[in-house]
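These are my notebook entries on a structure that I looked up piece by piece. I began with burial and ended with the contact between chains.

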Amino acid sequence: MEAERGLDATLKRIEAIVAALDSDSLGLDEALALFEEGVGHLRRAQEFLAMAELRVEELIGREGEEVREFREPGQGDRDAGDDS
Amino acid sequence: MSDPTLDLFGDAPPGDGGEARRDGGRRPPPPRSEPEARSLPAPRVWTVRQVNRAVRLQLEQTLPQLWVGGEMANFRRQRSGHCYFTLKDDAAQLRCVMFRREAVRLPADPEEGMTLKVFGGLTLYEARGVYQLVVAKVEAESEGGMWKLAFDRLASRLDAEGLTDPGRKRPLPAFPNRVGIVSSPTSAALKDVIAVVGRRAPWVRLLVRSTRVQGQGAGAEIAAAISSLASRDVDVVIVARGGGSIEDLWGFNEEPVARAVAASPVPVVSGVGHETDVTICDLVADLRAATPSAAAEAVAPDRKAVAGVLQGLGRRLGKGLAAQARSRRWRLDQAGDMLVRRGRRRLAVSRARLDAAGARMSDTVRRRIRHESGRLAEVAAAMDALSPLSTLARGYALPLDGEGRLLRGVRDFTPGRDFGLRVVDGNVPCEVTGPALGAPLPDAGAVAFESGSTRHGS
């Protein structure tokens with residue numbers, strides 16, 4: 001779930017929850033529900049960080065219309081001048 | 001080398017074409033090869049074309065390619081792409097042409113009066129009879145040369161447009177999800193970026209758009225790569241290339257790259273070259289990193305830092321909830337205290353009143369009870385005396401109609417009427433068999449006696 005949502009969105013949601021909890025306008029039930037939601041996000045975010053593995057993809061095609069797993073070209077098709 | 005001038009302006013006219021003399025021969029062929037020369041032995045008349053061709057060949061074949069230093073004047077770039085200018089010093093001028101094939105490599109048009117060093121070969125333009133230097137390379141004498149000139153010129157134009165304005169720089173996303181990379185697919189720069197992101201933020205997805213990063217046309221390719229990544233839902237774009245000479249890095253100094261960076265809807269981080277290399281791409285980018293690795297570090301938050309952020313958020317969540325609970329408990333305590341205080345006060349008053357009332361009441365009640373119980377005893381005695389049960393026990397009976405009403409006199413006993421006779425231990429169904437006779441009661445004893453005669457059982 002965090003992968004689709006993105007870590008940034010998750011952290012923003014938790015921050016919004018913290019801000020709400022710091023305000024005075026909440027009912028106790030609401031506060032508890034928000035707290036639980038926040039803790040859930042936190043736990044999933046931590047799992048997400050622990051389990052994540054780098055994915056490198058490549059945009060190919062003339063207009064960059066296709067995405068595939070990135071493979072470094074073999075030494076044979078090294079472009080002249082791409083020495084850096 | 002013999003003096004070519006002597007041959008050229010000697011008696012011998014040139015041959016019928018330069019092709020025959022590509023062998024590098026310095027002598028024109030003998031005049032007898034020319035038909036008109038045979039018919040007109042003297043004087044030998046050259047055509048203009050022959051002269052110009054002869055001179056051109058002499059020029060091209062006798063002077064090697066050379067470097068010429070001088071001051072730039074009248075630079076013109078024609079629509080065809082060819083460039084014309086004059087190189088001069090205080091005493092002389094030299095016409096120069098730079099054909100399109102070479103001119104496209106010129107990073108910028110040289111400025112009037114610039115001190116230049118040009119490399120090329122001399123020739124003669126036969127149609128006009130002017131000789132000129134065909135230029136292959138132009139270098140400015142000033143530091144950085146033409147590259148610096150071009151750089152400065154584009155930079156100041158971009159400055160004027162506000163594209164390098166610090167206020168235009170966008171902050172990088174704190175926790176990017178997807179990162180685009182523009183780089184050469186085989187480059188160390190790309191490997192560095194992948195390694196750094198993988199170490200610091202392995203949850204990030206990298207999207208690579210391969211491109212040539214140097215050579216003719218690299219700028220346009222880099223620009224296209226930036227644009228195509230920017231439209232692919234990435235949060236930030238890294239432009240990465242290792243160090244190199246200014247010529248190697250030139251693609252990143254070209255205007256299309258600057259335009260693509262400026263037009264990118266997401267922030268662009270430029271990690272091009274080493275610390276000391278500054279490119280146009282660096283100037284327009286939202287962040288200039290010294291190296292590709294530094295660019296990756298700027299983009300990828302460290303996982304430890306993220307873990308710290310998560311911890312902090314967790315603590316704040318806990319505190320927030322505790323504060324909510326505390327504020328509620330306080331309010332509850334307040335309300336409770338108030339209730340208790342008020343209740344106590346009211347209770348004290350009530351209790352005093354209750355006590356007083358109780359005290360008063362108990363006296364009254366006791367008196368009353370004494371009084372009432374005395375009366376109760378009397379009533380009980382009276383009731384006992386009045387009770388029909390004791391009378392019945394003594395042998396009297398009560399005639400009662402169907403509804404339990406007492407039949408009291410002769411009038412009530414109409415002939416044929418059913419009635420019950422209530423005796424001490426039950427009911428006796430009776431019927432009046434004939435007209436009753438009226439008679440006054442003699443005395444109590446007589447009634448008792450007569451009733452005694454009608455007794456049943458007992």
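A residue is called buried when its relative accessible area is under 20%, exposed when that value is over 50%, and partly exposed in between. I note at the outset that this is a predicted model.

**Entry 1: strand β4 of chain B**

I looked up strand β4 of chain B, residues 115-125. Eight of its eleven residues are buried, so I recorded β4(B) as largely enclosed by the rest of the structure.

I then asked which strands pair with β4(B). Strand β1 of chain B (residues 66-77) runs antiparallel to β4(B), and six bridges join the two. Within this pairing I found T115(B) of β4(B) as the bridge partner of E71(B). Strand β5 of chain B (residues 130-140) also pairs with β4(B) in the antiparallel sense, over ten bridges. There I noted F119(B), whose bridge partner in β5(B) is K137(B).

The hairpin of β4(B) and β5(B) has four residues between the strands. In this hairpin, G129(B) takes a positive phi near 70 degrees.

**Entry 2: D286 of chain B**

I located D286(B) in the loop between α9 (280-284) and β10 (287-288) of chain B. Is D286(B) buried or exposed? Its relative accessibility is 8%; because the cut-off for buried is under 20%, D286(B) counts as buried.

I next looked at what the side chain of D286(B) reaches. It comes to 2.8 Å from the backbone nitrogen of R170(B). A polar atom of the D286(B) side chain also lies 2.8 Å from the backbone nitrogen of V268(B). Leaving aside residues up to four places away in sequence, I listed the residues that D286(B) touches: R168(B), K169(B), R170(B), V266(B), P267(B) and V268(B). R170(B) and V268(B) therefore appear in this list as well as in the two backbone approaches.

**Entry 3: L398 of chain B**

I found L398(B) in strand β11 of chain B, residues 398-400. Its relative accessibility is 28%, so L398(B) counts as partly exposed. I also recorded its position relative to G420(B): the two are 22 residues apart in sequence, and their C-alpha atoms are 8.1 Å apart in space.

**Entry 4: the contact between chain A and chain B**

How many residues does each chain bring to the contact? Chain A gives 52 residues and chain B gives 49 residues. The size of an interface is often given as the accessible area lost when the parts come together. For chain A and chain B, I noted a buried area of about 4,200 Å², with 61% of it from carbon and sulfur atoms.

I then turned to individual contacts. Two salt bridges are counted between the chains. I looked up the one between the side chains of E57(A) and R178(B), with a distance of 3.2 Å, N to O. Ten residue pairs are in polar contact across the interface, with both residues at pLDDT 80 or more.

On the side of chain A that touches chain B, at least two residues come from each of α2 (7-22), α3 (28-51), β1 (55-60) and β2 (66-69). Of these, α3(A) gives the most, with eleven residues. By class, I counted 26 nonpolar, nine polar and 17 charged residues on that side.

Finally, I checked for strand pairing between the chains. β1(A) pairs with strand β7 of chain B (residues 205-210) in the parallel sense, over four bridges. In this pairing, E58(A) stands opposite V208(B) of β7(B).

How values were computed: Residues numbered from 1 in each chain as written. Chains lettered and ligands numbered in written order. Heavy atoms only, no water. Contact = heavy atoms within 4.5 Å. Buried area = accessible area lost by both parts, 1.4 Å probe. Salt bridge = Lys/Arg side-chain N within 4 Å of Asp/Glu carboxyl O. Polar contact = N/O pair within 3.5 Å; in protein donor to acceptor, adjacent residues only side chain to side chain. Nonpolar A, V, L, I, M, F, W, Y, C, P; charged D, E, K, R; others polar. Pairing = 2+ DSSP bridges. Buried < 20%, exposed > 50% of the residue type's maximum accessible area, 1.4 Å probe, protein only.
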